[in-house]
Amino acid sequence: MNDRYSNPYVIGVILGLILLFSFYTMGRGLGSSASFARIATAGVKLVAPEHAKANAYFSKYIKGKRSPLMAWLVFLTIGAALGGLFSAFISNRIKGEVARGPSISVSIRLWLALGGGILSGFAARLARGCTSGQALTGAAELAFGSWVFMFCIFAGAYATAYFFRKEWL
Amino acid sequence: MGPLYKFGWFDHAYSLQLAGLIGFMFGFVLERAGFGNPRKLTAIFYLRDFAVLKVMFTAIIVCMLGLLYFFFFGWIDLGRVYLLPTFIWPQIVGGLVLGIGFVMGGYCPTTSVVATVSGKLDGLIFIIGMMLGSVLFAEIFPFLKGFYTSGNMGKIRLTDVFNINSGIIAFLVCLMAVGAYWFVEKVEQKFGDKDTLPKGSPKVKRTAAGLLILLGLILAVVNPDRIIAKPAIPAIKPEKQVERVQKPSATSETPDSIGFKIVDDEGC
């Protein structure tokens, strides 16, 4: 970490303008969790195509003959990966590591990352979106459910933060 | 008049390229803010660094003001912007679980991508977890379907719930945000590490807060809801837009299955 991180307010303004640009051009906001659901669907389709087609939820992503990966959000996520890579590269922040607090072992951290990922992937499908697609995008449109969802994220995290303090502090 | 895509300014193939560009900017600013680092992200839950809240609230407010001003000036037809429907119960439960996943895994979905590309193995593991979680959801979807569709309130906005116009809502959101910024900076001063917290002159902050409240106040006075959008050009329905590049095999499909229906895709 050679560079300091940018000022969060400045980043917030720029992110708001990017979101506005997305609304103005596409009529929709940002998002990413659905792209992982799509990648997972593509994987299931590859292994068990009949099973994927028969499933009520997977089949939503498999319409017509197009691959589930040919979707707007998948391209957005690929772009986000490249943008993040570029930013990390110019600031010398690319470093192979397992990010964790000083008092937790690598293996426990990775298990918790897996568990957190499973919960997040599941929850994002249940809520029809994640922090970006539901909370950020929906809140800017003043969607009622998105505001409730955003406060619930904070509530869930603050309520359980105590149990994970050794992971981060 | 926007949204450009809904008025047929470009086709599906170009929209995917645009997605790459928007995504690039999105990932870039997230990494700039330090959101590829889970210790920076989770510091908000230990009252040490509220960068997550500052970025999120500021982005929401800038975009909200932008949308309402664009609407007021007739630059965008908000009726054609995809509005997320409210299913209140799954959203409450999903939010709580996502919050637990956030503090446990250290990321939310997009930030884990940024972390992975900056070399963090835990970010990659988190992504694998998200895919497993999605598969798990799909596999038990038959049992969850009732809950998934419960609490359907339709496409409602805060304006419908509180029954006040969006200008006043915007003004209240601006006031709430300025209050939140003030409060979390107080908390940060108490619990945070002063060397790593962003510095900023109080004068600039006061000016920005004043500008924010002013922009909200103008909206509250002019009341953008008075304006009923009358699109000059009839919009092209998304399903009628065909892709410029079509594989020969695609012609065997029925037109409905080729169509790009944005409403079928969820926000995130």
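The following exchange examines how terms are applied to a predicted two-chain model.

User: What should be kept in mind about the numbering and the model?
Analyst: Residues are numbered from 1 along each chain as its sequence is written, and chains are lettered from A in the order in which they are written. The model is predicted, with local features needing pLDDT of at least 70 and side-chain atom pairs counting only at pLDDT 80 or more, while totals for chains, interfaces and linings use all residues.

User: Why are H1(A) and H1(B) called roughly antiparallel?
Analyst: The axes of helix H1 (residues 8-26) of chain A and helix H1 (residues 12-32) of chain B come within 10 Å and cross at roughly 170°. Axes are lines fitted to C-alpha atoms, for helices over the stretch in contact, and angles run from 0 to 180 degrees between N-to-C directions; helices are DSSP runs (H or I, at least four residues) and strands likewise (E, at least two), numbered from the N terminus. Angles under 35 degrees count as roughly parallel, over 145 as roughly antiparallel, 65 to 115 as roughly perpendicular and the rest as oblique, and H1(A) and H1(B) are therefore roughly antiparallel to each other.

User: Which residues make that contact, and how do they divide by class?
Analyst: Two residues are in contact if their C-beta atoms, placed from the backbone, lie within 7 Å. On H1(A) the contributors include Ile11(A), Ile14(A), Leu15(A) and Ile18(A), and on H1(B) they include Leu18(B), Ile22(B), Met25(B) and Arg32(B). The residues of this contact divide into 11 nonpolar, three polar and one charged, where Ala, Val, Leu, Ile, Met, Phe, Trp, Tyr, Cys and Pro count as nonpolar, Asp, Glu, Lys and Arg as charged, and the others, Gly among them, as polar.

User: How many residues of each chain take part in the contact between the chains?
Analyst: In total, 118 residues of chain A are in contact with 121 residues of chain B. H1(A) provides the largest share of the chain A side, 18 residues, and that side has 71 nonpolar, 36 polar and 11 charged residues.

User: What makes Leu119(A) count as buried?
Analyst: A residue is buried if 20 or more other C-beta atoms lie within 10 Å of its own, exposed if 12 or fewer, and partly exposed in between; Leu119(A) has 23 C-beta neighbours inside 10 Å and so counts as buried. Leu119(A) lies in helix H6 (residues 106-126) of chain A, and, not counting residues up to four places away in sequence, it touches Val97(B), Ile100(B), Gly101(B), Met104(B) and Gly133(B). Of the 268 residues of chain B, 46% count as buried.

User: Why is the largest nonpolar core said to lie between two domains of chain B?
Analyst: A nonpolar core is a set of buried Ala, Val, Leu, Ile, Met, Phe, Trp, Tyr and Cys residues joined through C-beta atoms within 7 Å. The largest has 128 residues, and those with the most contacts inside it include Leu19(A) and Val29(B), while helix H3 (residues 51-72) of chain B gives the largest share, 15 residues. Domain 1 (38-73 + 158-231) and domain 2 (84-156) of chain B both give residues to this core, so it lies between them; the domain bounds come from an automatic or database domain assignment.

User: Where are the centres of these domains relative to each other, and what does their contact take from each?
Analyst: The centres of domain 1 and domain 2 of chain B, taken over C-alpha atoms, are separated by 25 Å. Their contact takes six residues from domain 1 of chain B and seven residues from domain 2 of chain B.
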